[in-house]
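Colleague: I should like a close look at one part of this protein, namely its loop residues. Please describe their setting in detail, and then place that part in the context of the whole chain.

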Amino acid sequence: MISDSTVTSSAASSFSALLHDLRAAGPVLWINPQRSGEAAVQTVVDGRGISLADVEAAQARFVRFAPLLAKLFPELAASGGAIESPLVAAPGMQRALGMPPGAGSLWIKCDHSLPVAGSIKARGGIHEVLEFAESLALEHGLVTPDGDYGDYAALADAPARALFGRYQVAVGSTGNLGLSIGVMASALGFRAAVHMSADAKAWKKARLRARGVEVVEHAGDYASAVDAGRRDAAADPYCYFVDDERSLSLMLGYSAAAPHLKAQFAAAGVSVDAEHPLFVYVPCGVGGAPAGIAFGLRQYYGPHVHTFFVEPTQSPCFLVEMLSPGASVYDFGLTNRTEADGLAVPQASELAAEAMRLLLSGVCTVLDDTLFLDLHRLRESEGLQIEPSAAAGFSGPGMLMRTDAGRAYLKQHGLEGVMPRATHLVWTTGGLFVPPDEYARFAERGAALAATV
Ligand SMILES: *Cc1c(COP(=O)(O)O)cnc(C)c1O
C-alpha cells in the first residue's frame with residue numbers, strides 16, 4: 001500500500017534523515033520544535049500583534065456584507081449571504097484509510113463545496129476584496145461605520161458600482177485565488193485582472209474570462225506571476241493588488257472559518273479539550289489559508305488543537321521556509337512540479353510563517369499518487385468529489401500515527417492515552433467547479449492506483 005511505503009521512508013527520525021527524504025521528494029513528517037503549549041500565545045506579524053479580536057472583526061465583515069452577497073449571488077440566497085461549508089463525520093473514509101481502532105474519529109470540513117469560489121479561497125480572497133470595497137465605500141460616504149447593515153445592500157446600486165468601476169483589483173494565482181478574487185471583484189463592479197502561472201488549469205482561465213475578468217498568462221511559476229502582477233499594480237494608483245505572499249487581510253479572512261467551525265462541532269456534540277484533542281490537517285500552498293485557520297482555531301481551542309500543514313513532496317515551500325527562512329523549494333533540489341495545482345508554490349508567505357512559528361504542530365508531505373488514491377477513496381467511501389490539491393490532508397492521520405516522528409509528538413504531548421477520544425479533521429479545500437470530464441480523469445487515475453495497492 002502507498003500508505004505503508006510512506007511509513008518506511010518517513011520512519012527515519014533524525015534530522016539528517018528528514019533532510020535526505022525531503023530532498024529526495026519522499027513523504028516526510030516534520031515536527032515544529034518551537035510549538036508552544038501555553039494557553040495564551042501572543043502572535044505577532046509584521047510587528048503587529050493579532051488576536052481573537054481580529055478573527056471576530058473578519059467574521060463581522062462577512063456578516064455586514066451578507067445581505068449584499070445574497071443579492072449578488074443567487075446561490076447564496078438560501079444561506080442569507082453566508083459563505084460556509086458543511087462539517088461531516090467520515091466513518092467510511094476512516095475505514096478506507098485504514099485508521100486503526102482507538103485512533104479517534106475522522107471528520108471532514110467540506111470547503112471543497114464552498115459556493116461562489118469553489119475552494120477555500122472563498123474565505124480569504126473574498127474577505128480581502130470586501131475589505132477593500134468597504135474602505136472605498138466608507139471613504140466616499142456610501143456606508144457609515146455604525147450604520148444599518150441594510151446600507152451594504154445598496155453597494156449593488158449604480159453609485160457604488162460607478163465608484164468601484166474606477167478601480168482595478170489584481171492578483172497573481174495558480175488558479176483558485178484568481179477565481180475567488182476575480183469573481184467577487186467583477187460582481188461588485190471592479191475591473192479585475194488575474195495573473196496566472198503556467199500551471200493554472202485551462203478551465204479556471206476560461207471560467208474567469210466568461211465572467212469578464214482579464215486573464216494575463218505567464219510562462220513562469222506562481223511566484224513570477226505574483227511578481228508581474230505586483231509590478232503592474234505598483235505603477236497604477238487605481239489598481240489594488242491582492243498580495244498572496246504578504247497579505248494579512250487574506251489570512252484573517254481564512255481565520256473567520258474558526259468561529260463557525262466551533263459552532264458546528266458544538267452542534268455535533270464534539271468536544272475539544274485536554275481529554276479530546278483536535279488534530280487538523282490542511283493542504284498548504286503559500287501558507288495563508290492554513291495559517292489563518294490554525295491561528296483562528298488556536299484562539300478558541302488553545303493548545304488542544306494541533307494543526308498540521310500538508311504539502312506535495314515536490315512543493316514543500318512552507319516546510320522549507322520553517323527550516324531555512326527565505327529559501328525556496330528549488331534550493332532543496334525540488335521541481336515544484338505537481339498535479340496539485342492549488343499547492344504548486346515554490347516559496348512560502350513569510351507573513352504566514354511568522355504567524356505559525358509558535359502555533360504550528362508540523363508539516364507533512366505527500367506524493368501526487370497518494371493524492372489521486374485518496375481522491376478516489378473519498379468518492380467511493382463518502383461520495384464526495386474533490387480536486388487533487390484538496391486530498392492532501394488525508395495522509396495526515398497516517399503520518400501522525402504511523403511514523404516515529406508522529407508517535408514521538410503524541411508521546412511528548414501526553415496524548416497517547418486520549419487518542420480514542422481524539423478528532424481528526426481533514427480540510428478538503430477545493431473541487432466544486434472542476435469540470436466533470438476533468439474529475440473523471442482524476443478518479444480514473446486514483447482507481448487504477450487503488451487496483452495496485
Ligand atoms: C490555495 C489552496 C490551498 C492552500 O492555500 P494557501 O493559502 O496557498 O496555502 C489549498 N487547497 C486548495 C485547493 C487551494 O486552492
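**Loop residues and their surroundings**

Modeller: Asn336 is buried, because its relative accessibility is 5% and a residue counts as buried under 20%. The model in which this value was computed is a predicted one. Asn336 belongs to the loop that runs between helix H14 (317-323) and helix H15 (350-356). Its backbone is also worth inspecting: phi is positive, at about 65°, although Asn336 is not a glycine.

Asp46 offers a second case of this backbone feature. Its phi is near 50°, again a positive value in a residue other than glycine. Asp46 sits in the loop between strand E2 (43-45) and strand E3 (48-50). Here, however, the residue is exposed, with a relative accessible area of 62%. The two positive phi values therefore occur in contrasting settings, since Asn336 is buried and Asp46 is exposed.

The loop on the other side of E2 holds Asn32, placed between strand E1 (29-31) and strand E2 (43-45). Asn32 is buried, with 5% relative accessible area, and its side chain has polar partners on the backbone. A polar atom of that side chain lies 3.0 Å from the backbone nitrogen of Gln34. The side chain of Asn32 also reaches the backbone oxygen of Leu360, at 2.9 Å. Beyond four places in sequence, Asn32 touches Met322, Met356, Arg357, Leu360, Ser361 and Gly362. Leu360 thus appears both as a polar partner of Asn32 and in its list of contacts.

Pro277 is another buried loop residue, with a relative accessible area of 1%. Its loop lies between helix H12 (257-267) and strand E10 (278-283). Once neighbours within four places are set aside, Pro277 is in contact with His304, His306, Leu415, Val418, Arg421, Ala422 and Thr423. For a sense of distance, the C-alpha atoms of Pro277 and Lys109 are 17 Å apart, with these positions 168 residues apart along the chain.

Gln385 differs in its exposure: at 46% relative accessibility it counts as partly exposed. It is found in the loop between helix H16 (368-382) and helix H17 (396-402). Apart from neighbours within four places, Gln385 is in contact with His112, Gly431 and Tyr439. Its C-alpha atom is 29 Å from that of Arg298, a residue 87 places away along the chain.

The setting of these loops begins with the interior. The largest nonpolar core has 157 residues, and those with the most contacts inside it are Phe190, Phe279, Phe318, Met356 and Trp427. Domain 1 (4-117 + 250-450) and domain 2 (121-248) both contribute residues, so the core lies between them. Met356 links this core to the loop described above, for it is among the residues that Asn32 touches. Phe279, for its part, touches His306, Phe308, Leu400, Tyr409, Leu410, Leu415, Met419, Ala422, Thr423, His424 and Leu425, not counting residues up to four places away. Several of these names, including His306, Leu415, Ala422 and Thr423, also occur among the contacts of Pro277.

The domain assignment gives domain 1 (4-117 + 250-450) and domain 2 (121-248). Their centres, taken over C-alpha atoms, are separated by 25 Å. The contact between them takes 48 residues from domain 1 and 43 residues from domain 2.

Arg123 shows one side chain in detail for comparison with the loops. It is found in helix H5 (residues 121-139) and counts as buried, at 4% relative accessibility. Its side chain makes a polar contact of 2.8 Å with the side chain of Asp111. Other residues in contact with Arg123 include Phe62, Glu84, Lys109, Leu114, Gly253, Tyr254 and Ala257.

Finally, the ligand is surrounded by 16 residues, the closest being Lys121, Asn176, Gly285, Gly287 and Thr429. A ligand oxygen is 2.6 Å from an N or O atom in the side chain of Lys121. Two further approaches come from the backbone: an N or O atom of Gly287 lies 2.7 Å from a ligand oxygen, and one of Ala289 lies 2.8 Å from a ligand oxygen. The protein covers 98% of the 370 Å² of accessible area that the ligand has on its own.

Key
Residues numbered from 1 in each chain as written. Predicted model: local features only at pLDDT ≥ 70, side-chain atom pairs only at ≥ 80, totals over all residues. Heavy atoms only, no water. Core = buried A, V, L, I, M, F, W, Y, C linked by side-chain atoms within 4.5 Å. Buried < 20%, exposed > 50% of the residue type's maximum accessible area, 1.4 Å probe, protein only. Domains from an automatic or database assignment. Contact = heavy atoms within 4.5 Å. Near = heavy atom within 4 Å. Polar contact = N/O pair within 3.5 Å; in protein donor to acceptor, adjacent residues only side chain to side chain. Areas by Shrake-Rupley, 256 points an atom, 1.4 Å probe, with all protein chains shown as cover. Helix = DSSP H or I, 4+ residues; strand = E, 2+ residues; numbered from the N terminus.
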